[in-house]
Amino acid sequence: MVVVGAGMAGVQTAVALREQGFTGPVTLIGAEPHQPYDRPPLSKAVLLGTADGSAFDVDFASLDIDLRLGCEALGVRPADHEVDTDTGPVPYDALVLATGADPVRLPGTDQAPGVHLLRTLDDAERLRPVLAAQHDVVVVGAGWIGAEFATAAREAGCAVTVVEAADRPLAGALPAEVAAPMTAWYADAGVTLRTGARVAAVEPGAVVLDDGAHLPSGAVVVGIGAHPATGWLAGSGIALGPHGDVLADDRLRTSAADVYAVGDCTSFPSARYAERLLVHHWDNALQGPRTVAADILGEEAAPYDPVPYFWSEQFGRFVQYAGHHAAADRTVWRGDSADPAWTVCWLREGRLVALLAVGRPRDLAQGRRLIEAGRVMDADALRDPALPLKQAVVG
């Protein structure tokens with residue numbers, strides 16, 4: 001067994017193989033030199049210096065996992081059952097692709113000084129002194145990672161301006177009426193949010209916008225999305241989707257024999273939502289490995305069709321999302337979005353298909369189970385924030 005990628009998806013795949021009884025050799029290949037680590041703390045505790053790292057609590061030696069760090073995968077030759085790396089070819093009987101996603105870079109800034117991404121432990125370590133020195137910071141992108149970094153930078157005492165090309169935060173993730181209330185969160189936290197603005201240039205000490213405005217900046221942090229890290233698969237014949245995602249089936253098998261894909265680098269067909277899903281979130285990287293390990297070991301396993309889930313801590317709020325709202329035909333609000341806690345539910349033909357909970361973890365926990373069960377809801381009962389979600393079920 002060879003697993004390429006030593007993030008959450010890769011580590012959990014190697015662990016799941018052992019837990020489910022695989023006794024043969026397992027090799028885990030990671031491009032970074034660091035002990036495998038979890039990524040969510042990078043935008044929080046690691047960035048603020050309250051934690052030195054976020055290494056997984058996994059004893060690779062006791063699990064007899066051959067951990068090869070600082071080893072970059074360069075290509076795959078499925079016909080030969082070999083992975084090419086910068087240290088030589090690695091043969092496999094079964095291969096798991098778990099290379100995650102790479103951040104989208106701001107065009108024209110590759111050589112610009114003071115421009116940062118926040119995806120790796122090294123990225124967080126480079127940003128630590130920036131926050132400690134309380135520099136003026138410009139964040140490009142008001143998505144999840146941009147909001148989380150802005151939160152940390154304000155906690156560190158930095159002056160923060162967030163620049164967003166769309167007319168609102170989270171424009172690519174949430175409908176306008178749901179994202180709109182989040183605009184006020186920035187001002188409440190002392191963050192300047194400039195929407196409908198694009199970066200024209202990054203100069204020493206300033207970011208220039210397309211309207212000519214100059215924003216003072218000791219550092220620029222780019223958070224404008226990510227794409228599957230699959231460029232190294234060029235020429236392999238492994239089928240990729242329009243976003244560069246590895247096209248996997250409902251057991252996370254790729255188009256190549258004995259090759260699987262899991263986590264941020266892959267998409268999978270969802271019977272629940274009747275479309276292919278590409279999910280760039282921690283929970284997907286945690287759940288998928290169990291399906292991969294079961295299929296490799298020849299066990300009967302249900303098709304991989306999870307209810308997507310993620311969370312974000314921003315501006316003093318705990319935001320959780322479960323499901324997939326794209327095909328919903330009705331939106332129901334629980335509570336007032338001006339309040340500290342509220343929930344939005346999305347229904348399709350009366351069934352709960354997704355929800356966003358702000359400061360209402362019980363709604364999220366109950367709602368996730370109801371989505372999994374495909375329960376029909378009473379929309380009028382849903383509107384009452386005092387009524388537990390499970391009591392609004394009608395079928």
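## A hairpin in a three-stranded sheet

Strand 20, which covers residues 266-270, is joined to strand 21 by four bridges, and the two strands run antiparallel. This description, like everything that follows, concerns a predicted model. Within this pairing, P269 has R276 of strand 21 as its bridge partner, while F268 is bridged to L277 in strand 21. Strands 20 and 21 form a hairpin with four residues between them, and A274, which lies in the turn, has a positive phi of about 55°.

The hairpin belongs to an open sheet of three strands, in which the order is 18-20-21 and the pairing is mixed. The edges are formed by strand 18 (246-247) and strand 21 (275-278), each of which pairs on one side only. Strands of a sheet pair through backbone hydrogen bonds, and the pairing may be parallel or antiparallel.

## Aromatic pairs and a cluster

Across the whole structure, a search finds eight aromatic pairs. One of them joins W144 and F310, whose ring centres are 4.8 Å apart and whose planes stand at 70°, so this pair is edge-to-face. Because W144 lies in helix 4 (residues 144-155) and F310 in strand 22 (residues 309-314), the pair ties together parts that are 166 residues apart in sequence. W144 and F310 are both buried.

A further pair is made by Y309 and W311, with ring centres 6.2 Å apart and planes at 25°, so the pair is stacked. The two residues of this stacked pair fall into separate burial classes: Y309 has a relative accessibility of 12% and therefore counts as buried, whereas W311, at 26%, counts as partly exposed. Returning to the edge-to-face pair, W144 and F310 are members of one aromatic cluster that also contains Y321 and W346.

## Cysteines

For a reader concerned with thiol chemistry, the disulfide count is a natural point to check. With a cut-off that places the two cysteine sulfur atoms within 2.5 Å, the count comes to zero disulfides. C265 is accordingly in no disulfide, and the nearest cysteine sulfur, which belongs to C71, is 17 Å away.

As for burial, C265 has a relative accessible area of 0% and is therefore buried. C345 is likewise buried, with a relative accessible area of 0%. Both values fall in the buried class because that class takes in residues under 20% relative accessible area.

Definitions and conventions. Residues numbered from 1 in each chain as written. Predicted model: local features only at pLDDT ≥ 70, side-chain atom pairs only at ≥ 80, totals over all residues. Heavy atoms only, no water. Buried < 20%, exposed > 50% of the residue type's maximum accessible area, 1.4 Å probe, protein only. Pairing = 2+ DSSP bridges. Phe/Tyr/Trp six-rings, centres within 6.5 Å; stacked < 30°, edge-to-face > 60°.
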